[in-house]
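Colleague: I'd like to learn how to read a model like this one. Could we go through it feature by feature?

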Amino acid sequence: MEPAAPVFAATAGSGILSVKPLGGRQFDVTVYSAAMNRPIPLWVSHPDASAPALYLLNGVDGGENGGAWTGRSDVASFFADKNVNVVVPMAGRASYYTDWERDDPVLGRNKWATFLTRELPPILDAAFGMTGRNAIAGVSMSATSVLDLAIHAPGVYRAVGSFSGCARTGDPLGQAYVSSQLALFGGTAANMWGPPGDPAWADHDPSLQAERLRGTQVYISAGTGLPGPHEGLTSPGIDGNVGTMLDRVAVGGVMEAVIGQCTRPLVDRLHALNIPVVANLAPVGTHAWPYWQDSLHDSWPMMAAAIGA
């Protein structure tokens with residue numbers, strides 16, 4: 001029997017605007033965010049029972065240009081038999097899923113931390129019978145975001161998975177990397193956390209703020225940029241296209257090499273603080289969805305145990 005669509009009531013502030021069944025346990029849900037004054041589309045996989053929640057954040061395009069968990073991974077089939085709600089916001093390009101200090105002329109109003117930690121969870125808990133035990137994972141841009149969200153909203157997420165993210169934001173190199181990501185979509189980094197050197201950049205740096213991850217189950221993965229098992233001509237996403245394969249090896253390899261150098265100091269910092277971390281620092285691997293799918297599978301037992309799934 002397919003899960004029934006949830007019953008919900010309209011509210012004066014943030015709330016569910018619509019729920020569209022997609023078949024099986026999948027739903028297209030639209031939630032109005034009062035903080036951002038706009039509707040936010042979600043993909044939700046909902047078991048026909050009360051269950052905890054796993055939030056999955058997309059990369060730098062927010063899933064708006066096709067780079068979403070739902071189209072780039074096996075997330076629907078992998079979780080089809082598991083006692084967990086899976087929630088994927090299908091928006092948030094170049095936002096770092098944080099609260100921006102100022103509205104951006106191109107990207108508009110971004111209050112994603114408020115939405116993800118204060119507005120959305122209670123709305124979905126009430127509508128879908130979720131238990132309030134949450135985990136969150138992200139890739140690339142949002143791999144930094146999920147650590148930052150855990151730091152600034154302790155207790156909201158019991159476990160966090162960071163796949164191929166550069167967690168450095170408090171130093172000039174880290175700030176340059178973040179700024180380059182926002183610039184891909186015309187965003188201005190100074191509107192997010194102020195100009196370079198503003199204390200907000202350090203406040204959102206998971207490496208500098210690693211102590212604030214104590215008590216959260218943490219999984220971190222990254223590669224070295226060297227070709228690995230997913231760089232073959234027949235690998236998923238390459239599908240026989242030589243140009244695509246070369247792009248993954250060259251562009252994706254360079255990106256993952258940089259990210260790997262960002263990631264290892266964070267893992268070392270967590271070890272130095274005696275904060276438990278499951279670290280999957282592979283000797284190969286590029287900046288590509290097949291590796292992030294592998295990380296999701298690998299991290300799931302830890303996250304499932306943390307949230308009681």
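Colleague: Let's start at a helix end. Which residue caps the N-terminal end of α8?

Modeller: A quick note on the source first. This is a predicted model, with local features needing pLDDT of at least 70 and side-chain atom pairs counting only at pLDDT 80 or more, while totals for chains, interfaces and linings use all residues. Residues are numbered from 1 along each chain as its sequence is written, and side-chain values use heavy atoms, with hydrogens and water left out.

Modeller: Now the cap. A polar contact is a pair of N or O atoms within 3.5 Å; within protein, one must be able to donate a hydrogen and the other to accept it, and residues adjacent in sequence count only if both atoms are side-chain atoms. Here the cap is Asn241: one of its side-chain oxygens sits 2.9 Å from the backbone nitrogen of Gly243.

Colleague: And what residues does helix α8 cover?

Modeller: Helices (H or I, at least four residues) and strands (E, at least two) are DSSP runs, numbered from the N terminus. Helix α8 covers residues 242-272, 31 residues in total. To check a helix's length, take the expected span as 1.5 Å times one less than its number of residues. For α8 that gives 45 Å, and the first-to-last C-alpha distance of 43 Å is close to it.

Colleague: Where is the kink in α8 centred?

Modeller: The bend at a residue is the angle between axes fitted to the seven residues ending there and the seven starting there. In α8 there's a kink of about 30°, centred on Gly253. Just past the helix, Asn274 has a positive phi of about 60°.

Colleague: Which elements do the buried residues of α8 pack against?

Modeller: Buried means under 20% relative accessible area, exposed over 50%, and partly exposed in between (1.4 Å probe, protein chains only); contact means heavy atoms within 4.5 Å. The buried residues of α8 include Met245, Arg248, Gly253, Glu256, Cys262 and Leu270. The partners of the buried set are α4, α5 (172-183), β8, β9 and α9.

Colleague: On to the sheet. What is the strand order?

Modeller: Two strands pair if DSSP finds at least two bridges between them. In this model, nine strands make an open sheet with mixed pairing, in the order β1-β2-β3-β5-β4-β6-β7-β8-β9. The edge strands are β1 (15-23) and β9 (278-281), each with a single partner, so one side of each has no neighbour in the sheet. From one strand to the next, the twist averages 20°.

Colleague: How many bridges join β4 to β6?

Modeller: Six, and the two strands run parallel; Ala51 stands opposite Met130 in β6. Strand β4 (residues 51-57) also runs parallel to β5 (residues 85-89), joined by three bridges, with Ala53 facing Asn85 in β5. As for burial, seven of the seven residues in β4 are buried.

Colleague: Which strands does helix α4 lie across?

Modeller: Axes are lines fitted to C-alpha atoms, for helices over the stretch in contact, and angles run from 0 to 180 degrees between N-to-C directions. Helix α4 (residues 141-152) lies across β4, β6 (130-139), β7 (159-163) and β8 (217-222), at about 140° to β6. Helix α9 (residues 289-307) lies across β4, β6, β7, β8 and β9, at about 170° to β7.

Colleague: Why is α4 said to be largely enclosed?

Modeller: Because eleven of its twelve residues are buried. Among them are Met141, Thr144, Asp148 and Ile151. Just before it, in the loop between β6 and α4, comes Ser140. Ser140 is buried as well, at 9% relative accessible area, and has a positive phi near 55° without being a glycine.

Colleague: What is the phi of Tyr97?

Modeller: About 45°, positive although Tyr97 is not a glycine. Tyr97 is in the loop between β5 and α3 (112-128), and counts as buried with a relative accessible area of 0%.

Colleague: Last one: which residues does Val178 touch?

Modeller: Leaving out residues up to four places away in sequence, Val178 touches Tyr96, Thr169, Met192 and Trp201. Val178 is in helix α5 and is buried at 1% relative accessibility. For a similar reading in a strand, take Gly15 in β1: with the sequence neighbours up to four places away set aside, Gly15 touches Thr30, Val31, Tyr32 and Ile123, and at 9% relative accessibility Gly15 counts as buried.
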